[in-house]
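Grab a pencil and work through these exercises with the structure open. Each task comes with a solution that goes step by step.

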Amino acid sequence: MKHRKQFREIQRLDLKWLIISALILAVPLAILLYLNKPFNAVNIVLTILLPLTLLYTLYAIRLKTIIDPHRIRIKFFPLANRNISWDDVKFVEIVHYGFVGGWGVRKSPQWGTIYNTRGSVGLLVELKSGERLVIGTQHPEALNRYLMNCIEIEEA
């Protein structure tokens, strides 16, 4: 079996919730626009541009994880950007961290900094400095296989 040079995963937010959120915001605003005649620029901005801007912003959020034999890269546009050298890592482990309040970048007393878009499974990374972080993943089996192959290559 051929070894992949890196593990890559790009995660986005669940789009059905984005659409529902935009509609929840847009419908009452559209009613206000209809009731508040004549039409003016403020009403148009509130009913059209605000929901579209919110929807686009939430759509643009993505968590990109790239792991190679040299580093772990986390790009959580537009929230975070980190590069972690394997020299700074004490250990890694796939963990089920449970529900800790949705998506985004959050702090947890047990897990440290959590980066996720959905789900409750991720890669726990403990640094030699004692800092802990979890990177959410939708593909824990593939990530685990990559890490096992990566570790074997480094030890060989």
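First, a term for later: a polar contact is a pair of N or O atoms within 3.5 Å; within protein, one must be able to donate a hydrogen and the other to accept it, and residues adjacent in sequence count only if both atoms are side-chain atoms. This is a predicted model, where local features need pLDDT of at least 70, side-chain atom pairs count only at pLDDT 80 or more, and totals for chains, interfaces and linings use all residues. Residues are numbered from 1 along each chain as its sequence is written, and side-chain values use heavy atoms, with hydrogens and water left out.

**Exercise 1. Get the lay of the land.**
Work out how many helices and strands the protein has, and in what order they run.

*Solution.*
Step 1: use DSSP runs numbered from the N terminus, with helices being H or I of at least four residues and strands E of at least two. That gives 3 helices and 9 strands.
Step 2: read them off from the N terminus, and you get β-α-α-β-β-β-β-β-β-β-β-α.
Step 3: check the cover. Of the 156 residues, 35% are buried (under 20% relative accessible area; exposed is over 50%, partly exposed in between; 1.4 Å probe, protein chains only).

**Exercise 2. Sort out the open sheet.**
Find the strand order of the open sheet with 4 strands, and say why one side of β1 and of β4 has no neighbour there.

*Solution.*
Step 1: count two strands as paired if DSSP finds at least two bridges between them. The order is then β1-β2-β3-β4, with antiparallel pairing.
Step 2: look at the ends. β1 (7-12) and β4 (80-85) are the edge strands with a single partner each, so each has one side left without a neighbour in the sheet.
Step 3: the twist from one strand to the next averages 5 degrees (axes are lines fitted to C-alpha atoms, and angles run from 0 to 180 degrees between N-to-C directions).
Step 4: zoom in on one pair. β1 is joined to β2 (residues 62-67) by 6 bridges, and Glu9 sits opposite Thr65 of β2.

**Exercise 3. Follow β7 to its partners.**
Which strands pair with β7, and in which sense?

*Solution.*
Step 1: β6 (residues 104-108) runs antiparallel to β7, with 5 bridges. Ser108 has Gly112 in β7 as its bridge partner, and a hairpin of 3 residues links the two strands.
Step 2: β9 pairs with β7 in the parallel sense over 3 bridges; here Ile114 faces Val134 of β9.
Step 3: now the cover: 5 of the 5 residues in β7 are buried.

**Exercise 4. Visit Asn116.**
Is Asn116 buried or exposed, and which side chain does its own side chain make a polar contact with?

*Solution.*
Step 1: Asn116 belongs to β7 (residues 112-116). Its relative accessible area is 1%, so Asn116 is buried.
Step 2: its side chain makes a polar contact with that of Arg106, at 3.0 Å.
Step 3: list its contacts (heavy atoms within 4.5 Å). Beyond four places in sequence, they include Leu63, Phe76, Tyr97 and Trp103.

**Exercise 5. Map the nonpolar cores.**
Find which element gives the largest share of the largest nonpolar core.

*Solution.*
Step 1: a nonpolar core is a set of buried Ala, Val, Leu, Ile, Met, Phe, Trp, Tyr and Cys residues joined through side-chain atoms within 4.5 Å. The largest has 21 residues, and Ile74 and Leu133 are among those touching the most other members.
Step 2: elements giving two or more residues include β8 (121-127) and α3 (140-155). The largest share, 4 residues, is from α3.
Step 3: apart from this core lies another of 6 residues, including Tyr97 and Trp111.
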